[in-house]
Amino acid sequence: MGRPRGRDVRRREGRGGPHLEAVCRAFDAYTRGLLGASLHAGSSLHYADARLPEIQTRLDPATGVRDFALHVPLPTSKVRALPVRAAAGESLLSVQDLRTDYPTRGGGVLHAVDGVSFDIRAGETVGLVGESGCGKSTLSRTLLRLVNPAGGRIVFDGTDIALLSEKALKPWRRRVQMVFQDPYASLNPRRSVFDILESVLKVHGVTEREERRNRIAAILERVGLPADAARRFPNEFSGGQRQRIGIARALVLRPSLVVLDEPVSALDVSVQAQILNLLVELKEDFGLSYLFISHDLSVVRYIADRVMVMNKGQIVETGSHRDIWDRPQHPYTRSLIAAVPGVEQRKAA
Ligand SMILES: Nc1ncnc2c1ncn2[C@@H]1O[C@H](COP(=O)(O)OP(=O)(O)O)[C@@H](O)[C@H]1O
Ligand SMILES: [Mg+2]
């Protein structure tokens with residue numbers, strides 16, 4: 001949280017001449033840390049085996065020089081590689097031939113989601129990758145019934161919610177929550193974090209004030225926010241902390257499925273690692289399933305059990321997190337992988 005960027009390092013520590021050498025050392029350490037903390041083409045880390053390295057800041061009280069070290073957090077809960085909560089093959093979500101259309105300016109129709117079918121098992125993380133504009137957000141918004149489908153089925157825990165009325169959707173809405181790319185845009189700037197979370201609980205029928213307080217305090221602590229976060233306002237937090245608020249808002253309702261639409265795409269690489277590590281822990285603690293959307297193949301490769309590749313509104317390939325990367329079948333998947341920075345070097349090496 002609030003890790004200084006390289007630039008800040010110079011500004012904070014770079015004033016005195018005698019410290020200059022130490023400053024450069026610290027700067028290099030931070031740069032090295034950044035590289036180590038970021039996911040890249042050559043990294044085959046997977047959440048089931050390891051957490052991502054995070055950068056830790058140390059301040060030497062004698063010299064006042066800040067130093068940086070890579071730190072790999074130990075899992076606080078045991079992570080299972082494959083979901084065991086549901087019987088094998090049991091789907092939490094089953095999407096069949098889902099279609100979402102938008103009217104175009106010329107009076108035509110854009111098939112933004114064009115016949116998509118897939119399942120998510122309880123406890124599973126399914127990754128969804130594809131370049132900008134391929135329909136990832138439209139798919140997630142349709143699953144959440146923020147946009148109405150033009151056709152198809154969205155079977156959640158045995159009920160098709162594709163055509164349910166708003167009233168009938170309400171109990172279901174609590175169970176499927178969303179985390180957005182830009183938490184700031186989705187947090188009301190005029191309300192304290194406590195108010196934001198409390199209104200979510202009120203809407204979903206948590207009538208006891210004491211219970212609301214307890215649940216808010218517990219979830220804020222669990223997502224790693226400071227104790228006084230509840231009475232502060234969204235603009236008082238860093239980007240990573242705001243995403244923690246967004247995650248708290250989704251989880252305070254104790255959902256079963258969380259749809260994360262580019263949740264780390266707007267964050268620095270070092271903060272990305274912290275948030276990804278947190279999401280892995282929370283999934284285990286709360287028994288969640290994730291649909292994790294990203295345009296970044298390396299992120300999805302780390303966090304997902306299975307990966308779906310989307311192109312022009314359709315899922316063109318689905319595979320395990322390893323197979324998609326090592327044995328891509330579809331030409332579009334191969335072109336996505338080839339476009340990841342560092343892939344050519346890796347192959348040449
Ligand atoms: N509200 C909307 N009205 C009309 N067209 C839209 C709307 N939202 C998205 N689109 C179009 O639908 C396609 C898919 O967009 P989107 O789902 O945002 O893709 P992604 O999230 O993969 O970048 C794009 O061509 C986009 O321009
Ligand atoms: Mg999008």
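This is a guided tour of one protein chain and a ligand beside it, arranged as a series of selections to make in the viewer.

**The whole chain**

Begin with everything displayed, and keep in mind that the model is predicted. Colour the protein chain by secondary structure, and you will be looking at 12 helices and 12 strands. The chain has 349 residues, of which 38% count as buried. If you consider the contacts between residues at least 6 apart in sequence, 68% of them join residues at least 24 apart.

**The hairpin of β1 and β2**

Select residues 54–59, which form strand β1, together with residues 66–71, which form strand β2; the two strands pair in the antiparallel sense over six bridges. Strands of a sheet pair through backbone hydrogen bonds, either parallel or antiparallel. To see how this pair is lined up, pick Thr57, which stands opposite Phe68 in β2. Six residues lie between the two strands of this hairpin, and Gly64 takes a positive phi near 75° there.

**The six-stranded sheet**

Next, select the strands of an open sheet of six strands, whose order is β8-β9-β10-β5-β11-β12 and whose pairing is mixed. The edge strands are β8 (176–179) and β12 (314–320), each of which pairs on one side only. Neighbouring strands in this sheet are turned against each other by 20° on average, with direction ignored.

Now add residues 331–338, which are helix α11, and you will find this helix packing on the sheet, where it touches β5 (125–129), β11 and β12. The direction of α11 makes about 100° with that of β11.

Stay with β11, residues 306–311, and follow the six bridges that join it to β12, noting that these two strands run antiparallel. A useful pair of residues to label here is Val309 and Glu317, since Val309 stands opposite Glu317 in β12.

**Strand β5**

Narrow the selection to β5, where five of its five residues are buried. In a regular strand the side chains alternate between the two faces of the sheet. Which residues of β5 lie on one side, and which on the other? Thr125, Gly127 and Val129 are on one side and Val126 and Leu128 on the other, and both faces are covered.

Turn to the partners of β5, and you will see that it pairs in the parallel sense with β10, residues 289–294, over five bridges. In this pairing, Thr125 stands opposite Tyr290 in β10. The pairing of β5 with β11 is also parallel, over four bridges, and there Val126 stands opposite Arg306.

**The ligand and its shell**

Select ligand 1 and show the residues around it, which are Tyr102, Leu110, Ala112, Gly130, Ser132, Gly133, Cys134, Gly135, Lys136, Ser137 and Thr138. If you colour this shell by class, you will have four nonpolar, six polar and one charged residues. Both β4 (109–121) and α3 (136–143) supply at least two residues of the shell. Helix α3 gives the most, with three residues.

**Helix α3 and the loop after it**

Keep α3 on display: this helix is mostly covered, with six of its eight residues buried. Those buried residues are Lys136, Thr138, Leu139, Ser140, Thr142 and Leu143. Lys136 and Thr138 deserve a second look, as both also belong to the residues around ligand 1.

Moving past the helix, select Arg145, which is found in the loop between α3 and β6. The phi of Arg145 is near 60°, a positive value in a residue other than glycine. Is Arg145 buried, partly exposed or exposed? Arg145 counts as partly exposed because it has 18 C-beta neighbours inside 10 Å, whereas a buried residue would need 20 or more.

**Strand β6 and Asp157**

The last stop is strand β6, residues 151–156, where you should select Val155. Val155 is partly exposed, because 16 other C-beta atoms lie within 10 Å. Leaving aside residues up to four places away in sequence, Val155 touches Ser94 and Asp160. If you also display Val95, you can see two residues that are 60 residues apart along the chain, with their C-alpha atoms separated by 6.1 Å.

Finish at Asp157, in the loop between β6 and β7 (159–160). Although Asp157 is not a glycine, it has a positive phi of about 50°. Asp157 counts as partly exposed, because it has 16 C-beta neighbours inside 10 Å.

Methods. Residues are numbered from 1 along each chain as its sequence is written. Chains are lettered from A and ligands numbered from 1 in the order in which they are written. This is a predicted model: local features need pLDDT of at least 70, side-chain atom pairs count only at pLDDT 80 or more; totals for chains, interfaces and linings use all residues. A residue is buried if 20 or more other C-beta atoms lie within 10 Å of its own, exposed if 12 or fewer, and partly exposed in between; C-beta atoms are placed from the backbone. Two residues are in contact if their C-beta atoms, placed from the backbone, lie within 7 Å. A residue is near a molecule or strand if its C-beta atom, placed from the backbone, lies within 6 Å of it. Ala, Val, Leu, Ile, Met, Phe, Trp, Tyr, Cys and Pro count as nonpolar, Asp, Glu, Lys and Arg as charged, and the others, Gly among them, as polar. Two strands pair if DSSP finds at least two bridges between them. Axes are lines fitted to C-alpha atoms, for helices over the stretch in contact, and angles run from 0 to 180 degrees between N-to-C directions.
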